[in-house]
Amino acid sequence: MTTPQSLGRDLSGRLFQLLRRRSEATQALVQTLCHSCSVEGYALFVVGGLIRDLLLDEPYLEAMPLDLDLTVDGDPSPLYGVLAEAANAQPRIHDRFGTASVSLADGVHIDLARTRSERYPAPAALPLVTPAPIDVDLQRRDFTINAAGLALTGERANQIIDPHGAVRDLRRRLIRTLHRDSFRDDPTRLIRAVRYASRTGGVIERGTLADARRDRVYLKALSPGRFGDAWRLLLSEPEARTALEIARRLKIPQSRETRWFVPTAALTAFETAEQFWASMG
């Protein structure tokens, strides 16, 4: 029987094996961050899409760009020097959100954030954040499948933190939000729901579907940049055509120009994002 402790140890082993194969620089950076956090008395966690994909054991992990999301239960600023040394460049620091990011020479992108809570003052607005422990931090994630973390240091080291059933929903390939106002808070999650349903070969949970249909109107509240970035990420998916078909069924706007949409014939005319743009041209 798999326990959270055994699953966490297995996940930790597979994480470092992946880093060793893909990026020795990233492996060394994470090990240094673990040491620094232990000295500072901080708990360091890996969160986000990499944990999801490791749990799914997806083969495309070896080919997809490697993005590593780390979060620390404490002030991350003492760790910025470690990031700078690894990247040979100063990290981009976003004081408003307590985050820093760097890109290494081998293309790996790393985000380091403080565990936090978020409050959205209006639909599609950027959140207001305050420091909070990891269990609260995971409540602000978009979907349950992304709301798990792996502790690298601290009292829960090598344990998976899964308060919202990420492992269960990943086994069922179920895309489910954590609360009813999730799409209102961040309408880009509508497009992400379609991406994840396509990528995992899964389905969107019934209540989440109802919320998506109710709240798709909020997509027009997004800035052009956030709207375009969300769609560009969808079109870079290995199963972009399937994602577009799901988006059409949900009547998710494909453009800020309401008269523009992808013709049905175009959906069957391409296998890659490049072919899609050629067909659109």
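Arg116 is part of strand S6, which covers residues 116-119. In this predicted model, Arg116 has a relative accessibility of 10%, so the residue counts as buried, the limit being under 20%. Beyond its neighbours within four places in sequence, Arg116 is in contact with Phe97, Thr99, Val129, Thr130, Pro131, Ala132, Val136, Asp137 and Arg140. From that starting point, here is a friendly tour of the rest.

**Overall build**

- The protein contains 13 helices and 11 strands.
- Its radius of gyration is 19 Å, which agrees with the value near 19 Å that a compact globule of 281 residues would have.
- Measured out along the principal axes, the C-alpha trace spans about 55 × 45 × 40 Å.
- Of the 281 residues, 49% are buried.
- Among contacts with a separation of 6 or more, 64% join residues 24 or more positions apart.

**Surface and charge**

- About 13600 Å² of the protein is exposed, and 50% of that comes from carbon and sulfur atoms.
- There are 38 positive and 35 negative side chains.
- The centres of these two charge sets lie 7 Å apart.

**The nonpolar cores**

- The largest nonpolar core holds 39 residues, and those touching the most other members are Leu15, Leu44, Leu83, Ile110 and Leu152.
- Helix H1, residues 4-22, gives the most to this core, contributing 6 residues.
- Another core lies apart from it, with 28 residues that include Ile175, Ala212, Leu222 and Trp231.
- Leu152 is in contact with Leu15, Phe16, Val30, Cys34, Leu44, Phe45, Val46 and Ala157, once its neighbours within four places in sequence are set aside.

**Val72 and its surroundings**

- Val72 is found in strand S2, residues 67-72.
- With a relative accessible area of 0%, Val72 is buried.
- Not counting residues up to four places away in sequence, Val72 touches Cys37, Tyr42, Ala43, Leu44, Leu79, Leu112, Ala113, Arg114 and Thr115.
- Leu44 appears here as a contact of Val72, and Leu44 is also a contact of Leu152.
- Val72 and Pro133 are 61 residues apart in sequence, and their C-alpha atoms are 9.0 Å apart in space.

**The start of helix H1**

- Pro4 belongs to helix H1.
- Pro4 counts as partly exposed, at 47% relative accessibility.
- Between the C-alpha atoms of Pro4 and Asn158 there are 9.4 Å, although 154 residues separate the two along the chain.

**Positive phi angles**

- Most residues other than glycine have a negative phi, which is the background for the next two cases.
- Ala124 has a phi near 70°, a positive value in a residue other than glycine.
- The loop between S6 and strand S7 (128-131) is where Ala124 is found, and at 9% relative accessibility Ala124 counts as buried.
- Arg173 is not a glycine either, yet its phi is positive at about 55°.
- Arg173 sits in the loop between helix H6 (166-172) and strand S10 (174-175).
- A relative accessible area of 30% makes Arg173 partly exposed.

**Asp169 in helix H6**

- Asp169 lies in helix H6 and is buried, with a relative accessible area of 0%.
- Leaving out residues up to four places away in sequence, Asp169 touches Thr144, Ile145, Leu174 and Arg176.
- Asp169 and Asp106 are 63 residues apart along the chain, and 33 Å separates their C-alpha atoms.

**Thr208 in helix H9**

- Thr208 lies in helix H9, residues 206-215.
- Its relative accessible area is 1%, so Thr208 is buried.
- Apart from neighbours within four places in sequence, Thr208 is in contact with Ile175, Arg176, Thr177 and Phe183.
- One of these, Ile175, is a member of the core of 28 residues.
- Arg176 is a contact of Thr208 and also a contact of Asp169.

Key
Residues numbered from 1 in each chain as written. Predicted model: local features only at pLDDT ≥ 70, side-chain atom pairs only at ≥ 80, totals over all residues. Heavy atoms only, no water. Helix = DSSP H or I, 4+ residues; strand = E, 2+ residues; numbered from the N terminus. Rg over C-alpha atoms; globule rule 2.2 N^0.38 Å. Buried < 20%, exposed > 50% of the residue type's maximum accessible area, 1.4 Å probe, protein only. Contact = heavy atoms within 4.5 Å. Areas by Shrake-Rupley, 256 points an atom, 1.4 Å probe, with all protein chains shown as cover. Lys, Arg positive; Asp, Glu negative; His and termini not counted. Charge placed at Lys NZ, Arg CZ, Asp CG, Glu CD. Core = buried A, V, L, I, M, F, W, Y, C linked by side-chain atoms within 4.5 Å.
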